[in-house]
Amino acid sequence: MTSKKVTFPCGVSIPAIGQGTWFMGEQAGRRADEVRALQAGIEQGMTLIDTAEMYAEGGAEVVVGEAICGRRDSVFLVSKVYPHNAGGAKAEAACERSLKRLRTDYIDLYLLHWRGGIPLPDTIAAMEKLQRQGKIRHWGVSNLDVDDMQELWEYQGGGHCQTNQVLYHLASRGIEYDLLPWCRQHQLPVMAYCPLAQAGTLRNNLFGNSAIVRVAEQYGLTPAHVLLAWAIRHPGVIAIPKASSVAHVRENAAAMSVTLNDEALALLEQAFPAPRRKMPLDIV
């Protein structure tokens with residue numbers, strides 16, 4: 001299987017499709033299936049796993065910890081800290097709790113989940129201290145718009161940020177107007193959450209959209225293949241779909257070898273045109 005890769009500023013390269021865990025860990029009866037799905041994803045080459053202390057209030061991290069047991073060296077582990085924990089002693093305590101749930105002694109990439117009341121310089125200082133302690137390898141942000149990123153870059157150490165994780169899918173293209181170009185200019189990868197349009201401003205299921213179905217049928221793909229291949233069509237974008245079944249995981253992984261041609265992209269562009277003005281950052 002051909003695997004598209006994305007390289008972080010730190011030099012680490014990972015496959016362009018990873019695994020999200022939002023809504024995992026909420027039902028005990030589904031835990032075994034969720035663990036198997038994540039393990040299947042690792043086996044399929046989707047070695048980036050994204051989670052957060054917010055997801056099921058740590059429950060998703062517990063699922064991830066079980067899934068990566070004995071496989072830690074094969075995984076690039078991403079977790080996120082609540083804004084109200086993103087500074088000082090609270091950041092250290094939150095990170096320690098995440099490490100315990102994840103059954104590991106380090107997190108590869110630790111993100112500020114969204115911007116809150118703690119000043120960005122305090123968050124930078126907390127992240128760099130966690131780095132010095134060896135508890136995290138790298139840090140980044142999530143749900144920050146262009147003005148926030150510009151401000152972050154003005155502070156000492158702000159340029160050490162490795163990624164910005166934002167909502168991005170075919171029906172939510174607002175970041176293409178300014179945020180995505182800014183990130184490309186600064187060689188900063190974007191992590192696209194909900195790339196299959198499970199959330200956000202979208203109100204209809206994209207899997208049944210006529211344009212997407214037409215492209216899928218014309219090229220022998222599934223709607224999921226189309227949506228994921230579209231999301232990673234340009235370098236520097238990592239898609240992190242959530243899939244809690246082995247079958248869906250395999251379907252997601254197969255999208256790494258799909259390249260949409262100009263005709264397919266034009267059909268999708270006609271149905272879901274790029275933004276022509278600044279849009280509010282879509283957040284869920």
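**Close-up 1. V190 and its bridge partner in β10.** In this predicted model, V190 has V237 of β10 as its bridge partner. The two strands involved, β9 (residues 190-193) and β10, run parallel and are joined by four bridges. Strand β10 spans residues 237-240 and has cover on both faces. V237 and A239 are buried on one side, and I238 and I240 are buried on the other. That fits the usual pattern: in a regular strand, side chains alternate between the two faces of the sheet.

**Close-up 2. V6 and its contacts far along the chain.** Here we look at V6, which sits in strand β1 (residues 5-7). With a relative accessible area of 4%, V6 falls under the 20% cut-off and so counts as buried. What does V6 touch, leaving aside its neighbours within four places in sequence? Its contacts are V12, S13, I14, A16, P189, G236, V237 and I238. Take I238: 232 residues separate I238 from V6 along the chain, yet their C-alpha atoms are 6.9 Å apart. V237, another of the V6 contacts, is the residue bridged to V190 in the previous view.

**Close-up 3. Strands β6 and β7 side by side.** Strand β6 (residues 107-112) and strand β7 run parallel, with five bridges joining them. One pairing to look for is Y110 with W139, its bridge partner in β7. Strand β7 covers residues 136-142, and six of its seven residues are buried, leaving the strand mostly covered.

**Close-up 4. Helix α8, wrapped up by its surroundings.** How many of the nine residues of α8 (residues 223-231) are buried? Nine of the nine are, so the helix is largely enclosed by the rest of the structure. The buried set runs P223, A224, H225, V226, L227, L228, A229, W230 and A231. These residues pack against three helices, α7 (210-218), α9 (246-254) and α10 (262-271), and against strand β10, the strand from the first view whose two faces are both covered.

**Close-up 5. Where α1 meets α2.** Helix α1 (residues 31-43) packs on helix α2 (residues 59-67) at an angle of about 55°, with 9 Å between the axes. The two helices are therefore oblique to each other, and their crossing is right-handed. On the α1 side, the contact is made by R31, E34, V35, L38 and Q39; on the α2 side, by V62, V63, V64, E66 and A67. By character, the contact residues are six nonpolar, three charged and one polar. As for the spacing along each helix, an α-helix has 3.6 residues a turn, so residues three or four places apart point the same way.

Note on methods:
Residues are numbered from 1 along each chain as its sequence is written. This is a predicted model: local features need pLDDT of at least 70, side-chain atom pairs count only at pLDDT 80 or more; totals for chains, interfaces and linings use all residues. Side-chain values use heavy atoms; hydrogens and water are left out. Axes are lines fitted to C-alpha atoms, for helices over the stretch in contact, and angles run from 0 to 180 degrees between N-to-C directions. Angles under 35 degrees count as roughly parallel, over 145 as roughly antiparallel, 65 to 115 as roughly perpendicular and the rest as oblique. A crossing is left-handed if the near helix is turned anticlockwise from the far one by less than a right angle, and right-handed if clockwise. Contact means heavy atoms within 4.5 Å. Ala, Val, Leu, Ile, Met, Phe, Trp, Tyr, Cys and Pro count as nonpolar, Asp, Glu, Lys and Arg as charged, and the others, Gly among them, as polar. Buried means under 20% relative accessible area, exposed over 50%, partly exposed in between (1.4 Å probe, protein chains only). Two strands pair if DSSP finds at least two bridges between them.
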